[in-house]
Amino acid sequence: MPDPKIIAVVGATGAQGGGLARAILADRSAGRAGGFAVRALTRHPESAKARALAEAGAEVVAADLDDEASLARAFAGAHGAFCVTNFWEHFSPEREIAQAGNMARAARSAGVRHAIWSTLEDTRRWVPLDDDRMPTLQGRYKVPHFDAKGEADQLFRDAGVPTTYLLASYYWENLLRPGTIAPDAGGTLVLTYPMGDEKLAGIAAEDIGRCAWGVFRRGTELAGRAIGIAGEHLTGAEMAAKLARALGRPVRYQAIEPAAMRAAGFPGADEFGNMFQFYRDFSGDVLGMRDVAAARALNPALETFDQWLQEHAREIPLG
């Protein structure tokens, strides 16, 4: 038997990396993995999630995104690498860019033949720093967690690693955060977004990993390309109607201005306000980059919002 083609999965205990690891492991169990195997990278190999991956058949390896040498060791011998960062852990775009550079250089030194970089648009292409339509944040960004990832695309190009640039969409799992849906004074549930009547590209977090698996299965055919994915494009009113059916209670959509979200005071409020303003004001570009049909071609099990709600509606906090 030939040696398996190892996919080194950064963030294997997180949302995107975990979805990819589980997708490969499920196909291996069913005899459909085509010779691929999972190497799960994590800072905490003794965690419950890491142990669960090991029990399912993954090789679990310790690695730290802030330590390039640890990444090079973890990538050694791997055919592919899934590279992702977690801005919300530290809120630092500079650290996110540095971590992306560590992964790109480690992939080059390890001879990785195909990387996937989980990225987003650099919104400064649409809203320059001197454009006052939305405030500049942290001195040099409009939407820091978008802009840092988009800026880091060049690091993978500079490293010369064959890379697919995978652009995800708004996680429907954000609805599981307290306060996203809340009752008004009359008790009617309200879904509030600064989206006006524009559509929002959304996706189940698990499907991001499944789509990444579809990219790896295509070989290097998609290397060098940017691939945007979504489960559905829905207006706030459409989401509210689907939520109402799933919850068995009326749900009303309320459109607010991005400035109201920026002023809400929760951690990252200004970041989210700018993000939704970008989604709203440049919806044609954002939606055009995120093709539902293309995502389903990569991942035939792609969930619709209704399907996601069947699984998760009971988990949505309504207080």
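**Helix packing, strands and loops in a predicted model**

Helix H1 (residues 15-29) packs against helix H6 (residues 205-217) at an angle of about 55°, and their axes are 7 Å apart, where axes are lines fitted to C-alpha atoms, for helices over the stretch in contact, and angles run from 0 to 180 degrees between N-to-C directions. That angle makes H1 oblique to H6, because angles under 35 degrees count as roughly parallel, over 145 as roughly antiparallel, 65 to 115 as roughly perpendicular and the rest as oblique. This is a predicted model, in which local features need pLDDT of at least 70 and side-chain atom pairs count only at pLDDT 80 or more, whereas totals for chains, interfaces and linings use all residues. Residues are numbered from 1 along each chain as its sequence is written, and side-chain values use heavy atoms, with hydrogens and water left out. Helices (H or I, at least four residues) and strands (E, at least two) are DSSP runs, numbered from the N terminus.

The crossing of H1 and H6 is right-handed, that is, the near helix is turned clockwise from the far one by less than a right angle, anticlockwise being left-handed. Among the residues that meet here (contact means heavy atoms within 4.5 Å) are Gly 19, Leu 20 and Ala 23 in H1 and Ile 208, Gly 209 and Trp 213 in H6. By class, this contact of H1 with H6 has 9 nonpolar, 3 polar and 5 charged residues, where Ala, Val, Leu, Ile, Met, Phe, Trp, Tyr, Cys and Pro count as nonpolar, Asp, Glu, Lys and Arg as charged, and the others, Gly among them, as polar.

A second helix pair is formed by H4 (residues 93-110) and H5 (residues 144-159), whose axes come within 9 Å and cross at roughly 25°. That makes H4 roughly parallel to H5, and the crossing is again right-handed. The contact includes Ile 97, Ala 100 and Ala 104 of H4 together with Ala 148, Ala 152 and Leu 155 of H5, and the residues of the contact divide into 11 nonpolar, 2 polar and 5 charged.

Turning to the strands, S8, S9 and S13 form an open sheet in the order S8-S9-S13 with mixed pairing, two strands being paired if DSSP finds at least two bridges between them. Strand S8 (181-183) and strand S13 (251-255) are the edges, each pairing on one side only, and the twist averages 35° from one strand to the next. S8 runs antiparallel to strand S9 (residues 189-193), to which 3 bridges join it, and Ile 181 has Leu 191 in S9 as its bridge partner. Helix H7 (residues 236-247) packs on this sheet and touches S8, S9 and S13, its direction making about 160° with that of S13.

Elsewhere, strand S1 (residues 5-9) is largely enclosed by the rest of the structure, because 4 of its 5 residues are buried. Strand S1 runs parallel to strand S2 (residues 36-42), the two being joined by 5 bridges, and Ala 8 stands opposite Arg 39 in S2.

Some loop residues also deserve attention. Most residues other than glycine have a negative phi. Phe 91, in the loop between strand S4 (80-83) and H4, nevertheless has a positive phi of about 60° and is partly exposed, with a relative accessible area of 35%; buried means under 20% relative accessible area, exposed over 50%, and partly exposed in between (1.4 Å probe, protein chains only). In the loop between strand S5 (114-119) and H5 lies Gln 138, with a positive phi near 50°. Thr 123 lies in the loop between S5 and H5 and is buried, with a relative accessible area of 0%.
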